[in-house]
Structure formats: C-alpha cells, structure tokens
Amino acid sequence: MNRVEILPKLPGETVPRMVDFISKLPLGVTISAAVVTASVFSGNDLNPSAIVSGAASINGTQVTQKITAGVAGATYQLIYQATGSDGNTYQLWGFFTVLPGNPQ
C-alpha cells in the first residue's frame with residue numbers, strides 16, 4: 001500500500017480529495033469500483049467515518065471522495081481502495097488533518 005499526500009481542510013469545509021492510481025494499475029486495467037474509509041490517527045473523534053461524505057467517484061485512474069466536518073486538530077488516516085477490472089484490489093492511503101480553526 002502506497003502513501004499519498006492529502007491536503008488538509010478547515011473544520012467547516014466540505015472538500016473533494018482525489019488520489020490517482022495510475023502508478024498502481026497494470027497497463028489496460030481500469031477502476032470498476034472504489035471506496036474510502038477513515039480512521040483516527042491522532043486526536044479525539046469518536047465517529048471518524050463521518051468525515052467521508054457520500055460515495056467515491058471514479059474518473060479514469062482517479063478516485064475522488066468528498067470529506068466533510070471532522071474534529072479540529074485531528075489527523076485521520078484515509079484509505080482509498082479501488083477494485084480493478086482485473087478483479088484485484090489496489091490501495092493508496094494518506095494522513096489528512098482538519099486544521100485547528102479558521103485563520104483570521
């Protein structure tokens with residue numbers, strides 16, 4: 001499983017976060033399904049899966065997930081899992097932080 005960079009967000013934002021599986025997929029394999037899961041890496045969030053909003057979308061080799069809410073200052077681990085047209089499962093992951101507050 002490869003680690004990717006996922007940009008942080010502010011607490012009140014809902015933002016799309018995309019990862020690209022181009023380096024993971026064999027030539028000719030496409031993504032047929034994708035799911036994103038969240039867990040707490042650091043901080044206090046009793047319901048980390050709530051930051052994942054709706055279903056992941058697929059555009060070629062890219063998987064995009066909307067991320068919402070979250071606990072200010074918490075860092076989450078997001079795992080992007082894609083099922084390829086070859087029946088194999090591919091994963092990318094990254095740490096994602098909800099910034100401590102709105103800058104003035």
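Which residues is Ile6 in contact with, leaving aside its neighbours within four places in sequence? Here is a short note to help you find your way around this predicted model, starting with that residue.

1. Leaving aside neighbours within four places in sequence, Ile6 is in contact with Arg17, Leu78, Tyr80, Gly94, Phe95 and Phe96. You will find Ile6 in the loop between strands S1 and S2. Its relative accessible area is 8%, so Ile6 is buried. For a sense of how the chain comes back on itself, look at Tyr76: 70 residues separate Ile6 and Tyr76 in sequence, while their C-alpha atoms are 10 Å apart in space.

2. Next, have a look at Lys9, which sits in the loop between S1 (2–3) and S2. Lys9 is buried and yet has no salt bridge. The nearest side chain of opposite charge belongs to Glu13, at 5.6 Å.

3. What does the side chain of Lys9 reach at 2.8 Å? The partner is the backbone oxygen of Ala69. A polar atom of the Lys9 side chain also lies 3.3 Å from the backbone oxygen of Pro11.

4. Not counting residues up to four places away in sequence, Lys9 touches Val15, Arg17, Ile67, Thr68, Ala69, Phe96, Thr97, Val98 and Leu99. Two of these names will come back in the sheet: Val15 has Ile67 in S5 as its bridge partner. Arg17 and Phe96 may also look familiar, as Ile6 is in contact with both.

5. Now to the sheet itself. It is open, with 3 strands in the order S2-S5-S4 and antiparallel pairing. S2 and S4 (52–59) are the edge strands, each pairing on one side only. On average, and with direction ignored, neighbouring strands of this sheet are turned by 20° against each other.

6. How many bridges join S2 and S5? The antiparallel pairing of S2 with S5 (residues 62–68) runs over 7 bridges. S4 and S5, also antiparallel, pair over 5 bridges. If you want a place to start on that second pairing, Asn59 stands opposite Gln62 in S5.

7. Finally, consider the two faces of S2 (residues 14–20). In a regular strand, side chains alternate between the two faces of the sheet. In S2, the covered face holds Val15, Arg17 and Val19. Thr14, Pro16, Met18 and Asp20 make up the uncovered face. Looking back at the loop before S2, Lys9 touches Val15 and Arg17, and Ile6 is in contact with Arg17.

Key. Residues numbered from 1 in each chain as written. Predicted model: local features only at pLDDT ≥ 70, side-chain atom pairs only at ≥ 80, totals over all residues. Heavy atoms only, no water. Buried < 20%, exposed > 50% of the residue type's maximum accessible area, 1.4 Å probe, protein only. Helix = DSSP H or I, 4+ residues; strand = E, 2+ residues; numbered from the N terminus. Pairing = 2+ DSSP bridges. Lys, Arg positive; Asp, Glu negative; His and termini not counted. Salt bridge = Lys/Arg side-chain N within 4 Å of Asp/Glu carboxyl O. Polar contact = N/O pair within 3.5 Å; in protein donor to acceptor, adjacent residues only side chain to side chain. Contact = heavy atoms within 4.5 Å. Axes fitted to C-alpha atoms, helices over the stretch in contact; angles between N-to-C directions.
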